[in-house]
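Hi there,

Here's the structure I said I'd pass on. Have a look at it first, then read my notes below.

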Amino acid sequence: MATVSQSRAIRPLPLRWRQGFIGEMWAEFFGTFILICLGDGVVAMLWALPGSGRGTYANILNSSGDWLLVTWGWALAVAFAVYVSGGITGAHINPAVTLMAAIRRQLPWKKVPGYFGAQVLGAFVGAALVFLVYNNAINHFDQAEHIVKGTAASVSTYSTFATFPAAYFHSPLGPLIDQIVGTFFLVLFICAVTDEFNLPVGSNMGPFVIGMIIMAIGVSFGANAGYAINPARDFGPRVFAWIAGWGKVAMPGNYGNVNNYFWVPIVGPLIGGAIAAFVYDLGIQDFLKARKGAEPDVLAEGATVQDARPPAPDE
């Protein structure tokens with residue numbers, strides 16, 4: 001019986017598309033697909049639990065425990081999505097992170113549109129799978145609460161897929177600021193925990209720590225606008241919810257207090273991510289580079305092997 005290493009050695013060489021840009025887009029698609037399957041799935045659980053006999057309608061969304069369920073679910077969704085696809089692209093799974101990588105010259109700008117498209121498509125397909133699994137539970141909840149899909153009352157079940165602003169906002173400005181700030185911290189912290197000049201996470205714990213960043217933002221900045229902090233995570237499922245019958249609640253995002261909302265979770269995170277890229281480089285990494293002393297046995301200037309060779313006795 002062949003060992004794992006032997007079986008890998010005799011496998012045919014991978015197809016070229018797996019080695020190139022198409023393979024990178026596949027990784028971003030699949031990583032974002034996993035993110036939405038688990039993230040939207042945990043929200044759908046809120047409607048499934050009462051109907052399944054494992055909870056009650058009387059207590060749904062009435063306690064902080066429900067919010068902790070959601071924030072933990074999204075944290076683990078991000079962590080496992082990064083574990084799955086991180087070895088190929090680093091698992092951006094978020095256009096704001098892709099934009100940060102391009103600004104910091106970690107990703108060619110020409111790849112940015114392909115990454116964006118793959119992420120949105122992965123989010124759309126992930127939402128479709130959650131709908132396939134939980135459609136009966138969502139319909140049961142709507143019937144129990146006398147909710148008609150597509151009306152203002154259906155915002156609760158629509159939120160399985162995408163976000164909406166809190167009722168105390170009466171213009172897009174407040175949610176926009178919320179999204180800028182939340183994504184700023186997300187991208188800033190990702191820069192920090194992946195920076196070799198700083199204190200990078202070791203022992204293959206990077207994806208888990210990034211999941212904890214999502215958890216931290218969710219419990220600190222989640223209530224205002226649902227902490228989308230990811231244009232693909234919101235827009236892809238939002239389009240699916242529009243197709244699935246939530247109508248104007250999904251697109252363009254009319255909620256009474258704020259209408260035509262769909263652009264806010266797109267523009268806000270992109271602005272926040274871009275600001276974080278500049279702030280981290282100028283405010284943290286440049287200081288780290290300036291304070292980092294020369295490493296042992298590393299020359300200030302490069303030298304060839306011949307230059308470094310000691311002179312011969314007769315030279």
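**The nonpolar patch**

Helix H4 gives the nonpolar surface patch its largest share, six residues. Keep in mind that this is a predicted model. The patch covers about 860 Å² and is made by Leu38, Trp67, Leu68, Trp72, Leu76, Phe80, Tyr83, Met205, Phe208 and Val219. Two helices each supply at least two of its residues: H4, which runs over 64-89, and H9, over 206-221.

Try clicking on leucine 76, which lies in H4. Is leucine 76 buried or exposed, or partly exposed? Its relative accessibility is 34%, so leucine 76 counts as partly exposed; the partly exposed range goes from 20% to 50%.

**A buried arginine**

Now go to arginine 238, in helix H10 (residues 231-246). Arginine 238 counts as buried because its relative accessibility is 0%, and the cut-off for buried is under 20%. What does its side chain make a polar contact with? The partner is the side chain of aspartate 234, at 2.8 Å. If you skip the neighbours within four places in sequence, arginine 238 still has plenty to show you: its contacts include Tyr158, Ala162, Thr163, Val249, Met251, Tyr261 and Pro265.

**How confident is the predictor?**

The average pLDDT for the chain is 88, and 84% of the residues score at least 70. Residues 302-308 are another matter, with pLDDT below 50. Apart from near neighbours in sequence, that stretch has zero contacts in the model.

Cheers

Notes:
Residues numbered from 1 in each chain as written. Predicted model: local features only at pLDDT ≥ 70, side-chain atom pairs only at ≥ 80, totals over all residues. Heavy atoms only, no water. Patch = residues over 30% accessible without salt bridge, like charges linked within 9 Å, V, L, I, M, F, W, Y side chains within 5 Å. Areas by Shrake-Rupley, 256 points an atom, 1.4 Å probe, with all protein chains shown as cover. Salt bridge = Lys/Arg side-chain N within 4 Å of Asp/Glu carboxyl O. Helix = DSSP H or I, 4+ residues; strand = E, 2+ residues; numbered from the N terminus. Buried < 20%, exposed > 50% of the residue type's maximum accessible area, 1.4 Å probe, protein only. pLDDT = per-residue confidence, 0-100. Contact = heavy atoms within 4.5 Å. Polar contact = N/O pair within 3.5 Å; in protein donor to acceptor, adjacent residues only side chain to side chain.
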